[in-house]
Amino acid sequence: MKGFLILEDGTVFEGQSAGVPGEVVCELSTHNAMGGFVELLSDPAWLGQALCLTYPLVGNPGVCREDMESERIWLKGLIVKEISRRPSNFRCDLGMPEFLKAQGVVALEGIDTRALAKRLRGRGRTLGVLTTADTPDVERAKAAMAAYEEPELPQALGQREKRLLLGHVCPEENGPVAGAARFVEKDYVAGIREKKPHVIKDLFGKGKKVAVLDLGARRSLLAGLTARGFDVHIYAGTAPAEALLEGNPDGLLVAGGPGNPFSMGKVVDEVEKLCSGGLPLWGVGLGHVLLALAHGGRVERMARAHGGGNLPVLDVEGGQILITGQNHLYSVDGASLAGKARETHRHIQDGSNEGLSYGDGRVWSTAFYPASDKALHPRADFFARFCAQMS
């Protein structure tokens, strides 16, 4: 089945359908990841968008459901050069084409993703229409894009009830400390998958509680806390600050997620209340932006969004270079928070702010995702920093 991508200026890219038939209107973003596509597609940060993956072959290892960052794909569309139909990975549950169809994603392959990425980068917000119609109707597509409304958060993620994730009580719960996973044929046939290996060797969060304002938090972020022994209490993005504080947590996490921060005035008000509670508070991704707004900072839509798994960030105070994973469309003007916060991290390529520390340092944030590997340099272990603040 043919498929077409139509841009706002009338440009048409032709390919083939690799997902469900249909037509979607959405914002277009690029991502330079060379792996981890299951984690990427299931990241709520991409709610309502279509991703153009610049790596030419997607889905070679197939799909392992254990690797998903949320319960489903939040993307509306996917654009790739080629999708593998013969996955090779003993942890694989199903192939990428079957996964996309099961999740109801309109996907196109056979697109010149390099040419598309060059058109999209640096142009700011760009809309597109992905369709599996027999022929592209450019005028109808332009009308659909003109009527496009951006999905809102947290309503678009649904009203989630409070949840509790219990912290691990022994290192063995984290899976193998080192070494390759094993292939056991009878287990594979029975659908049993070995736990993902970790290198977390000790637990130092026992007895502590973290309250999370869930604006689209990745599972791996929450797992980084439970793996260190913390009980994680998760609240919906619409929850008032009082709900998070009444459980007497030892620390707070504002994590996510997708959405336009300028339409989240009520959430910003609640984040401001959390900041004044005197508890250690860590903001990640969207949380980084909301913390800045709560402190009166200036936030801007980026001309070139940060989407990738190998983006270099400078640790301003320590001098180290971190290679980070990022999925965000808005940046904070660090200078607008002079006297309230100090810059802790900066993007090497465009100089944009990537981290801030407020006041005495108990409230801080990172625009990028933290790595959970304890073998990292101490300054790169953000989980350890958060844990230390609660000790």
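Strand 15 (residues 298–315) and strand 16 pair in the antiparallel sense over eleven bridges, where two strands count as paired if DSSP finds at least two bridges between them, and Pro-312 stands opposite Ile-323 in strand 16. The model is predicted, with local features requiring pLDDT of at least 70 and side-chain atom pairs counting only at pLDDT 80 or more, whereas totals for chains, interfaces and linings use all residues. Residues are numbered from 1 along each chain as its sequence is written, and side-chain values use heavy atoms, with hydrogens and water left out.

Strands 15 and 16 belong to an open sheet of ten strands with mixed pairing, in the order 10-12-11-13-14-19-18-17-15-16. Strand 10 (163–165) and strand 16 (321–333) stand at the edges with a single partner strand each, so one side of each lacks a neighbour in the sheet. Helices (H or I, at least four residues) and strands (E, at least two) are DSSP runs numbered from the N terminus.

Helix 9 (residues 286–294) lies across several strands, including strand 14 (281–285), to which it runs at about 120°; axes are lines fitted to C-alpha atoms, for helices over the stretch in contact (heavy atoms within 4.5 Å), and angles run from 0 to 180 degrees between N-to-C directions.

The largest nonpolar core, a set of buried (under 20% relative accessible area, 1.4 Å probe, protein chains only) Ala, Val, Leu, Ile, Met, Phe, Trp, Tyr and Cys residues joined through side-chain atoms within 4.5 Å, has 32 residues, of which Leu-244, Val-271, Leu-281, Leu-290 and Tyr-358 touch the most other members. Helix 9 gives the most to this core, with six residues.

Methods:
Buried < 20%, exposed > 50% of the residue type's maximum accessible area, 1.4 Å probe, protein only.
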